[in-house]
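Here is a small set of exercises to work through with the model open in your viewer. Try each task before reading the solution under it.

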Amino acid sequence: MTALNVLTGLLLAAALFFFIAGTVGLLRFPDLYSRLHALTKADNVGLGLTVLALMLQAESWTEVFKLGLIWVMVLAASATVCFLIGNEAYRRGLTPWTTLHAGSSGRESAPLELGKLLEPTHAGCYDETKGRTSA
Amino acid sequence: MSAFYIAVSVVLLLTIVLGLGHVFRQPGRAESLLAALLFGSTGVALVLVLGQGLGLDRALDIALVFALLAAVLCVAFVLRGWPEDDSKEDRKP
């Protein structure tokens with residue numbers, strides 16, 4: 001039983017690391033896309049580790065199944081929502097942050113080719129209503 | 001062991017508060033949507049760990065409802081609630 005408790009503690013500590021990393025990303029990343037990335041990826045790993053830790057302490061298989069179900073549901077939901085928000089923001093012309101922006105504020109700037117590569121073209125953006133974006 | 005669970009949930013609560021404080025200082029309605037995403041993942045973990053620490057059996061159901069609500073809220077916001085004149089530049093270069 002104590003070995004299980006130690007394993008639970010280690011998994012929860014690892015989960016905390018990922019949650020803190022996700023929040024630091026939310027605080028420090030420069031635009032909506034990268035903040036979205038921090039929230040939907042790092043935090044889901046943290047949640048997965050939490051669920052694993054609690055599965056070790058579960059008293060019945062029903063609890064284990066329910067915990068797994070919660071994680072899979074959050075994963076599916078955040079993947080869908082991340083795509084929806086990112087695509088809608090891109091369709092509205094929200095410019096993704098590049099290192100060229102950082103160059104103008106005094107930080108090290110990137111070679112020009114990289115900036116051209118990252119320039120939004122709206123080519124790969126899924127759009128069911130063509131008329132609204134063509135402006 | 002239950003003191004450890006409660007300590008973990010306090011740290012989780014701190015990360016949520018920090019994230020919320022930042023999100024509400026940003027311009028643009030889309031930023032507050034990130035708060036809903038934060039509740040969807042960190043909030044669910046908080047409820048699960050707190051439920052384990054306090055010995056609440058219903059915490060699993062509460063966490064499941066939280067996860068469902070966060071997903072529905074985000075989809076509803078993107079499809080209906082996102083104003084067209086939301087600020088385009090979310091941080092000036």
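A disulfide here is a pair of cysteine sulfur atoms within 2.5 Å. Keep in mind throughout that this is a predicted model.

**Exercise 1. Cysteines**

Task: Work out how many disulfides the structure holds over all chains, and explain what you find for A:Cys82.

Solution:
- Start with the count: over all chains, there are zero disulfides.
- Now look at A:Cys82. The closest cysteine sulfur to its own sits in B:Cys74, 10 Å away, so the gap is too far for a bond.
- Run it from the other side. For B:Cys74 the closest cysteine sulfur is the one in A:Cys82, again at 10 Å and too far for a bond.
- Check how covered they are. A:Cys82 has a relative accessible area of 15% and is buried, while B:Cys74 is buried at 1%.

**Exercise 2. A valine in α3 of chain A**

Task: Find the helix that holds A:Val81, decide whether this residue is buried or exposed, and list what it touches beyond its neighbours within four places in sequence.

Solution:
- A:Val81 belongs to helix α3 of chain A.
- With a relative accessible area of 2%, and with buried meaning under 20%, A:Val81 is buried.
- Leaving out neighbours within four places in sequence, A:Val81 is in contact with B:Leu37, B:Ala71, B:Cys74 and B:Val75. B:Cys74 is the cysteine from the previous exercise, the one whose sulfur is 10 Å from that of A:Cys82.
- Try a distance too: from A:Val81 to A:Leu36 you cross 45 residues in sequence, and the C-alpha atoms are 9.7 Å apart.

**Exercise 3. The buried side of α3(B)**

Task: Which residues of α3(B) are buried, and what covers them?

Solution:
- Go along the helix and pick out the buried residues: B:Ala59, B:Leu60, B:Ala63, B:Leu64, B:Ala67, B:Ala70, B:Ala71, B:Cys74, B:Phe77 and B:Val78.
- Then think about helix geometry. An α-helix has 3.6 residues a turn, so residues three or four places apart point the same way.
- Look at what lies over these residues: the cover includes α3 of chain A and α2 of chain B.

**Exercise 4. The second largest cavity**

Task: How many cavities of 30 Å³ or more does the structure hold, and what lines the second largest cavity?

Solution:
- There are two cavities of 30 Å³ or more.
- The second largest cavity has about 110 Å³ of space.
- Its lining is made of 15 residues, and those nearest the centre are A:Val74, A:Ser78, B:Leu37, B:Gly40 and B:Ala70.
- Sort the elements next: α2 (32-57) and α3 (61-91) of chain A, plus α2 (29-54) and α3 (59-81) of chain B, each give two or more residues to this lining.
- By class, the lining has 10 nonpolar residues, five polar ones and no charged ones.
- Tie this back: B:Ala70, among the residues nearest the cavity's centre, is also one of the buried residues of α3(B).

**Exercise 5. Two residues in the α1 helices**

Task: Is B:Ser9 buried or exposed, and what does A:Leu4 touch outside its own stretch of sequence?

Solution:
- B:Ser9 sits in helix α1 (residues 2-23) of chain B, and its 4% relative accessibility makes B:Ser9 buried.
- Not counting residues up to four places away, B:Ser9 touches B:Leu46, B:Val49 and B:Leu50.
- A:Leu4 is in helix α1 of chain A and is partly exposed, at 32% relative accessible area.
- With the same kind of residues left out, A:Leu4 touches A:Leu56 and A:Gln57.
- A:Leu4 and A:Ala53 are 49 residues apart in sequence, with 9.1 Å between their C-alpha atoms.

**Exercise 6. How far to trust it**

Task: Where in chain A is the mean pLDDT of an element lowest, and where is it highest?

Solution:
- Chain A has five helices and zero strands, with a mean pLDDT of 78.
- Among its elements, α5 (residues 112-118) has the lowest mean, 50, and α1 (residues 2-28) the highest, 92.
- Flag residues 103-112 of chain A, where pLDDT is below 50 and the model has eight contacts beyond near neighbours in sequence.
- For chain B the average pLDDT is 83, though residues 89-93 of chain B stay under 50.
- Finish with the overall scores: ipTM 0.84 and pTM 0.77.

How values were computed. Residues numbered from 1 in each chain as written. Chains lettered and ligands numbered in written order. Predicted model: local features only at pLDDT ≥ 70, side-chain atom pairs only at ≥ 80, totals over all residues. Heavy atoms only, no water. 1 Å grid on protein atoms, 1.4 Å probe; cavity = no way out; pocket = protein on both sides within 12 Å on 5 of 7 lines; lining within 4 Å. Points joined across faces, edges and corners; volume = space filled by probe spheres on them. Helix = DSSP H or I, 4+ residues; strand = E, 2+ residues; numbered from the N terminus. Nonpolar A, V, L, I, M, F, W, Y, C, P; charged D, E, K, R; others polar. Buried < 20%, exposed > 50% of the residue type's maximum accessible area, 1.4 Å probe, protein only. Contact = heavy atoms within 4.5 Å. pLDDT = per-residue confidence, 0-100.
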